[in-house]
Amino acid sequence: MSRLALERVLQSQGFGTRRQCRQLIEGGHLRVAGTLVDDPAMPVDTAGLRFEVSGQSWLYREHVYLALNKPPNYECSRRPSHHPGVLSLLPEALRLRGVQAVGRLDHDTTGLLLLSDDGAFIHAQSSPRRKVPKLYVATTQEAVTPALVASLLQGVRLHDEPEPLAALRCEQLAPRELAIVLEQGKYHQVKRMLAAAGSHCAALRRVAIGGLRLEALGLAEGSWCYLGEAELALLRPA
Ligand code: URA
């Protein structure tokens, strides 16, 4: 159990500098267990701590792990250049505590994106050695053929890659739609693999990472949720 002064609690949760947090508390914007508390130095146990800032309720979290249903035309970069960044879809307190995307989806790719402020988690999830399958649904410009599916399963050569890359699984879902499971996370991998196999990607959606399925989270496009222990366990390699 950890005891922290209230101003430190707010600071750790992304409510600004220590001074700004002190002012928030002294200004009567903080309630703990429903009671207005205006002493910034008051120590509290952080385990399971629930509080309200300006009427909005929060649970103290040492780190946050989030899933976002990424809409098209958002960039995953912290400094987006051509489109708004995915971080703009989160509350300011989450942005201020340093949440960032785990890996990247292209600006036009939609679907499941993980975000966190836990550097070790981000590093582990992004490691090329971590073999967590990612399921994509790709819409192709041309009709899917058995030869296209066979090439993707067999492996295709990509420029700059020493070895051919193969889909772990690949299945036709509709005349112009494929489910593709990849273990690696190379730059533009699905689009480049489709192009190398003689097709073109018209739209791409990530629908699962490991056992975590976007559908099960019930997130509308552009919305996000916290991931709990059970959901994080689904992200571990089998
Ligand atoms: N593969 C791609 O080509 N783009 C993505 O955004 C993700 C995987």
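Biologist: Which residues form one aromatic cluster with Phe15?

Modeller: This is a predicted model, in which local features need pLDDT of at least 70, side-chain atom pairs count only at pLDDT 80 or more, and totals for chains, interfaces and linings use all residues. Residues are numbered from 1 along each chain as its sequence is written, and side-chain values use heavy atoms, with hydrogens and water left out. Rings of Phe, Tyr and Trp (its six-membered ring) pair if their centres lie within 6.5 Å. The cluster joins Phe15 with Phe51 and Trp58.

Biologist: Are the rings of Phe15 and Phe51 stacked, tilted or edge-to-face?

Modeller: Planes under 30 degrees apart count as stacked, over 60 as edge-to-face and the rest as tilted. The centres of Phe15 and Phe51 are 6.1 Å apart and their planes stand at 75 degrees, so the pair is edge-to-face.

Biologist: Is Phe51 buried or exposed?

Modeller: Buried means under 20% relative accessible area, exposed over 50%, and partly exposed in between (1.4 Å probe, protein chains only). Phe51 has 4% relative accessibility, so Phe51 counts as buried.

Biologist: How are the rings of Trp224 and Tyr226 paired, stacked or edge-to-face?

Modeller: Their centres are 5.1 Å apart. Their planes meet at 80 degrees, so the pair of Trp224 and Tyr226 is edge-to-face.

Biologist: Which residue lies over the face of Tyr226?

Modeller: A charge sits over a ring if NZ of Lys or CZ of Arg is within 6 Å of the ring centre and within 35 degrees of the ring normal. At 3.5 Å from the ring centre of Tyr226, the residue over the face is Arg61.
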